[in-house]
Every structure is written in structure tokens, then in C-alpha cells.
Amino acid sequence: MRWENLSEGPAGPAALFGAGAVVTRTIDTPEFRGITFHEVRARSIVNRVPGASRMPFEWTVNPYRGCSHACVYCFARKTHSYLDLDTGLGFDSQIVVKTNAPELLRRELAAPRWTGAHIAMGTNVDCYQRAEGRYRLMPGIIEALRDRANPFSILTKGTLILRDLPLLREAAEVTEVGISVSVGFTDTALWRTVEPGTPSPTARLNAVRTLTDAGIECGVLMAPVIPFLGDSPDRLRATVRAVAESGATSVTPLVLHLRPGAREWFTAWLGEHHPHLVERYERMYAGGSYAPTWYQRMITRQVHELAAEFGIGPARRGAVRKAAGPGRPDGPASAGATQLTLL
């Protein structure tokens, strides 16, 4: 494993982990059977999003690498190759845990150079995957953001977010908090094969209802819409109807994209479960990682029309709330800015 390239020493200040900071644990319990945790002491936790990214945010926090949700399409699979870990089963079962994430975040938020910009979480791998039940990093992360009145958003497929509902409510009193739950479809058979480690779509939508009933606005990222499997008019209608019934404040569709690493793993899954679709996918994604623009626009239009029918809308822009927090005066550098909802 390429830990030596990511630790202190010749790598210098760009190193991700401190020297000798990696502890590997295999936990032999039913909940974590088959999963190996690599516990690391990260050198930094607030990451700048590359300028070429399509994401509508600049800064992220990712306390984990790898994800036991095991979604066959996950675009983050490629990141495991940077550690000489497998992007297939290794991504699903070799989980890197940044055990010092909360304390490191608190320190970085207090640095004079930090201006209180929006921080997005769950945009690479899920911060509420099963590992979070063991390591409990998110409460400390949310507390650090709350105490600095720093705006943030969370995207998750994990119902474990409900554990931290009291902290989310406290944070929402002092800053902008955006919560989105990812539900691309409601078909149970498709869910069991394509997202085998996640809570069911029904459980996720129940979490949306719990969050909204508690006063936390929660949108649904309808992602991914999977071509030829989850994009029929009937299936789109069923999904948007269920989203509306959950009380979600918005629904935003995102068509499946297949980046290197994910593309190979998804294609292998497709060949096993839906071999008749392999050639259709090769044609649809012949131009690269993304489906053709005409197809993306068609899905977006259909979902927005259904959302209007059921009384919900697409994700909206919202003004960042300007609130004072401990150690931060009114009117931070980000005052008056606007932010996108998570995606």
C-alpha cells in the first residue's frame, strides 16, 4: 500500500498523513464483517475543490475514504487507486478513517486565513456510512462548524444522520445548514443490486420526513437516474411522488455519470445483471463520462414537470445566514454571499 507516499518525510507539506500514523484494524462483528479499517492521522481536513470541477462549492470535508455502501456506480472509486487499493471490492471494504478529523477541523476553522466559506460534506464518499456508527466523527465535526457559525451542507444515503439531529438543529440556529438525501429511484429490486450496502430508499425517505418534521429543511438529490433501468416515465413518476410525500423541500435529478474506476466496475455489474444493455451503454457513454446533453436535459425536464405536479420544485439558491459564533464577529468575510444547495 502506498502509505509512504502520503506520510511525512520526502513528501513534505503535501503529505496527507503523519508518519507512522496508520493503524489497520479488521473488526470481526456481524455489522463490519469483511471490512478493514485503516485509521490515520490526517494532516489537513478542509480540501479545496479543483477549479475544473462541476460542483457548485469550493471546500469539502471528507472524514472517510472508501465506502461500505458499495454503490456500483460511485464516482469516488478512482480515489482508492491513489493508495494502491482496489477500486472495486477494495473500495467497498478497505475504509480509511481520519480519526483526528474533528479536532483538525476545529483548528483549521480557527486559522486567521479561514474566511467562513461554505463547506460541503458527503460529496466524495458518504460521511454517514456504517463506519460512522463506530467512529462517531460527525458529531465533533458538526460541533466545530456550529461553534464557528460556519455554513455547511451534507449529502447522504445514510439514515444515521438522524442520530445527530439535535446538533443539526443547534447549528441551523446560527448558520446556513443544507441537508440533502440521495434517492435516485424507489425500485426495490434495483436498489438491492446497485446499492447493496445502503438503507432502502423507503428508509431514506422516512429520514427526510423526520428531518423536515424537526424543522430541518431537507432536499432530495435524485441521483443517479440510471439509463434504461430507472428512467422510464412510470419509474420517474413513482420516485418523484415518493419524494413529494416525504416532505422534501426540493428534488434535483442527476443522471448517472461513469468516471474511470467507476465505469469499469459498473460495466462488469451491468454485464452480469443486464447483459442486454451493455452495448446500449457503450453507445450512450461513447463520448466520455457523462450521458449526452440531450438525454440529461430530457430527464431534468421530466423530473421538474413531475415535481411541479406534486408540489415541489428544483433546488434553489439561498442566501447565507450571517450569524455570530464564538470567536467570530458579525459580518464575516463571506457576508452577503450566496450559496447553492448541495448539488
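How many of the 343 residues of the protein count as buried? Here the share is 53%, and the legends below go through this predicted model one view at a time.

**Figure 1. The whole protein is built from eleven helices and 13 strands.** Let's start with the full chain. Its accessible surface comes to about 15100 Å², and carbon and sulfur atoms account for 52% of that area. Contacts reach far along the sequence: of those between residues at least 6 apart, 75% join residues at least 24 apart.

**Figure 2. Seven strands make up an open sheet with mixed pairing.** Reading across the sheet, you meet the strands in the order E3-E4-E7-E8-E9-E10-E11. Strand E3 (46-48) and strand E11 (251-255) are the edges; each has a single partner strand, so one side of each is left without a neighbour in the sheet. On average, neighbouring strands are turned by 25° against each other, direction ignored.

**Figure 3. Strands E8 and E9 run in the parallel sense, and helix H7 packs on the sheet.** Five bridges link strand E8 (residues 152-156) to strand E9 (residues 177-182). For a handy landmark, look for Leu 155, which stands opposite Ser 180 in E9. Helix H7 (residues 201-213) touches E9 and strand E10 (218-225). The direction of helix H7 makes about 160° with that of E10.

**Figure 4. The largest nonpolar core has 89 residues.** In soluble globular proteins, nonpolar side chains tend to be buried together. In this core, the residues with the most contacts inside it are Leu 105, Ile 119, Met 121, Ile 154, Leu 168 and Phe 266. Which residues does Leu 105 touch, not counting residues up to four places away in sequence? They are Ile 45, Val 46, Val 61, Ile 119, Ile 141, Ala 144 and Leu 145.

**Figure 5. Phe 32 and Phe 37 form an edge-to-face pair.** The whole structure holds eight aromatic pairs, and this view takes in one of them. The ring centres of Phe 32 and Phe 37 are 5.4 Å apart and the planes stand at 75°, so the pair counts as edge-to-face, for which the angle must be over 60 degrees. Is Phe 32 buried or exposed? At 5% relative accessibility, Phe 32 counts as buried, and Phe 37, at 0%, also counts as buried.

**Figure 6. Trp 294 and Tyr 295 are paired edge-to-face as well.** Here the planes of the rings are at 90° and their centres are 5.8 Å apart. These sequence neighbours are covered to unlike degrees: Trp 294 is exposed at 56% relative accessibility, whereas Tyr 295 is buried at 2%.

**Figure 7. Five aromatic residues gather in one cluster: Phe 228, Phe 266, Trp 269, Tyr 281 and Tyr 285.** You have already met Phe 266, one of the residues with the most contacts inside the largest nonpolar core.

**Figure 8. Gly 247 lies in the loop between helix H8 (233-245) and E11.** At 24% relative accessibility, Gly 247 counts as partly exposed, because buried means under 20% and exposed over 50%. Leaving aside residues up to four places away in sequence, Gly 247 touches Arg 209 and Thr 212. Follow the chain to Ile 312 to finish: Gly 247 and Ile 312 are 65 residues apart in sequence, with 8.8 Å between their C-alpha atoms in space.

How values were computed: Residues are numbered from 1 along each chain as its sequence is written. This is a predicted model: local features need pLDDT of at least 70, side-chain atom pairs count only at pLDDT 80 or more; totals for chains, interfaces and linings use all residues. Side-chain values use heavy atoms; hydrogens and water are left out. Helices (H or I, at least four residues) and strands (E, at least two) are DSSP runs, numbered from the N terminus. Buried means under 20% relative accessible area, exposed over 50%, partly exposed in between (1.4 Å probe, protein chains only). Contact means heavy atoms within 4.5 Å. Accessible areas come from the Shrake-Rupley method with a 1.4 Å probe; for residues, only the protein chains shown count as cover. Two strands pair if DSSP finds at least two bridges between them. Axes are lines fitted to C-alpha atoms, for helices over the stretch in contact, and angles run from 0 to 180 degrees between N-to-C directions. A nonpolar core is a set of buried Ala, Val, Leu, Ile, Met, Phe, Trp, Tyr and Cys residues joined through side-chain atoms within 4.5 Å. Rings of Phe, Tyr and Trp (its six-membered ring) pair if their centres lie within 6.5 Å; planes under 30 degrees apart count as stacked, over 60 as edge-to-face and the rest as tilted.
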